[in-house]
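Colleague: I would like a close look at one part of this model, the ligand site, and then a short account of the sheets. Please keep to what can be checked by eye.

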Amino acid sequence: MNDIDVLLQEHRRFEPDDAFRAQANISAAEYSEAMADPERFWADEAAKLEWMSTWERVLEWQPPRAKWFTGGKINVSVNCVDRHIRSARRNKAALVFEGEPGDTRTLTYWDLYVQVNKFANVLRSLGVRKGDRVAIYLPLIPEAVISMLACARIGAIHSVVFGGFSPESLSDRINDSACKVLVTADGGYRRGSVVPLKRNADKALEGTPSIEHVVVVQRRPGAPGDEAGADMRDGRDKWWHRLMRHAPQWCEPEEMDAEDPLFILYTSGTTGKPKGIVHTTAGYLVGAMTSTHIVFDLKEDDVFWCTADVGWVTGHTYLTYGPMANGATCVMYEGAPDWPEKDRFWDLCEKYGVTILYTAPTAIRAFMKWGDQWPAKHDLSRLRLLGSVGEPINPEAWMWYREHIGGNRCPIVDTWWQTETGSIAISPLPGITATTPGSATNPMPGFTVALLDAQGKEIEVGGGLLAIMKPWPSMLRTIWGDDQRYVDTYFSKWPNRPDVYFPGDGAKRDEDGYFWILGRVDDVLNVAGHRIGTMEVESALVEHPAVAEAAVVGRAHDLKGQALAAFVTLREGYAESPALRDELRDFVAQKIGAIARPDDVLFSADLPKTRSGKIMRRLLRDIAEGRALGDTTTLADPNVVNSLKETYEAQET
Ligand code: PRX
């Protein structure tokens, strides 16, 4: 039985209970209304925000260009912070932070307001103006959220780079969008050791001519400039706390056009170069606010914990903009889930009374493996809703999550979306939808999602390609500096339907219309919920002097969902060895970041190619997954693949 059959035999259903249904933030009738008139729904949602001047048109759609709320003027930081300090939320906790070593900090909305205003003034004093780009390379600490909101306040476009990325990945991203300022820290904590962010940044900064200033948060105790590598360069580098000390507490918010860019976030695609996904101001904020409210059923006294790092889109939308636009209390935890013990998450849930937990299947599978005893040690009775994101969740992990974390009581929302969609596009709504393990169920209100075949014909029941048929407010607007790539990647799958968005995922639809996401159909992998382009890893490998050619494919992995398998041909004069294998794995980790380190490296004298010279990755995937080889008749030399399969299998045993 293949995966699809297994999924479709999943018939367990969990109806929302009556009490939950009665208090839910969206009803079935409201959902139907939204689906009947999405534009009206979005306009009603947008009206909940505070505008500097209201919009003239809800949507201007000239495929593939969407403009939402045109003519409207708005500032995101005003909506995320200022609005709340004028209400009873003034002294409500906005961020409840815990560092990995156990240090804690709570920022109320008032505190956040002060910090955001001050840092916005700091950025202005460093010459940052509306439209300038600011790179943020920080651990998961409150300064990350403060920096993002401060950029939003003055109309600067932030580009957050995940702290696990290498210096080279950082400098590529800084250069692609010519960032003027970099915000980093002297370190961050991960599994008990210090990630030397400033030292990495210094390496990156050797080749980033656009950077004029570097602001450094002191995360480590002790004297500034110690062995974490925070050697402050005169004129360029400045300590965050020194700049903040005298910064004024009020910063006039910039009046932003609804369609002005809010941020750029890089994500992997099918080429070696990551794409700078551009999100704009008003539409993105509406998508973030609305989805947080209805998917997570957010209430005034909830304690919401989205475990994602701000380096990924989930940390943008559901740790920062969505919850803050709703005035929610968010937990933020810097470190690893198994530090110092494997119950750190459950300890945090208990300690802070978390009511809504949003995490990734890869984490859930790890918790399952670590054993039921870890959550069992803690009182998780305050939890009332659980979420999952980033990759397909297997029914077994879903059931474990429900039983051991949710006490068989909490609804689970399996949320499908992407960096490009900006906010959740397919998900159960906890007061309406009967959930079923492994299915993301139905489109969100205001989203028109379908399954199409290769010709663009709609599939009612069965397998096909996921498609979004109409624009939505939080959709990406372009790829930074490469608009053609935007058109080619997202709006060219069905030449007869240039108005249809192609996310790159395959899915199935069952008799009830539920969507079951199967994963990427392109050369993009999903490793531990993070997107990695096989081409990116291949480009890194061939930069190593020993490598002549490389092909990278994904194979199924128990915990990570997918793992990377690299097939490598060496140059003349280099011999394969276990040491070289390790060296290549480390080389990729250094080039891109540890998340891209291949699990397997297989040396091969040749790679299976078609007669026209194209590497047949399909066959490499068969080998990596231990399957029988598919059709090999188009190969230039069929022997190559057979011997490769033998070597791979020999290596595994
Ligand atoms: O393949 C889908 C998978 O993650 C991809 C998007 O990755 P990224 O832009 O990094 O954003 C991840 C967090 C939103 C999608 O194309 N994916 C995301 N959520 C799910 C999922 N696959 C199955 N089920 C999900 N709930």
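Colleague: How many residues surround the ligand, and which are the closest?

Modeller: The model is predicted, so local features are given only at pLDDT of at least 70 and side-chain atom pairs only at pLDDT 80 or more, while totals for chains, interfaces and linings use all residues. Residues are numbered from 1 along each chain as its sequence is written, and side-chain values use heavy atoms, with hydrogens and water left out.

The ligand is surrounded by 17 residues (a heavy atom within 4 Å of it). The closest are Asp 414, Thr 415, Thr 419, Asp 505 and Arg 531. Two of these five also make polar contacts, that is, pairs of N or O atoms within 3.5 Å: Thr 415 places a backbone N or O atom 2.7 Å from a nitrogen atom of the ligand, and Asp 505 has a side-chain N or O atom 2.9 Å from an oxygen atom of the ligand. Gln 418 adds a further contact, with a polar side-chain atom 3.0 Å from a ligand oxygen atom. Thr 415 thus contributes through its backbone, Gln 418 and Asp 505 through their side chains.

Now the sheets. Strands are DSSP runs of E, at least two residues long, numbered from the N terminus, and two strands pair if DSSP finds at least two bridges between them.

One open sheet has 4 strands in the order β21-β22-β24-β25, with antiparallel pairing. Its edges are β21 (449–452) and β25 (515–520); each has a single partner strand, so one side of each is left without a neighbour in the sheet. The partner of β21 is β22 (residues 462–468), joined to β21 by 4 bridges in the antiparallel sense. To find this pairing in the model, start at Ala 450, whose bridge partner in β22 is Ala 467.

Another open sheet has 8 strands, in the order β12-β11-β8-β6-β7-β14-β15-β23, and its pairing is mixed. Here β12 (237–239) and β23 (478–479) are the edge strands, each pairing on one side only. At the β12 edge, the pairing with β11 (residues 213–217) is parallel and spans 3 bridges. Val 216 has Trp 239 of β12 as its bridge partner. The two edge pairings described here therefore run in opposite senses, as strands of a sheet can pair either parallel or antiparallel through backbone hydrogen bonds.

Note on methods
A polar contact is a pair of N or O atoms within 3.5 Å; within protein, one must be able to donate a hydrogen and the other to accept it, and residues adjacent in sequence count only if both atoms are side-chain atoms.
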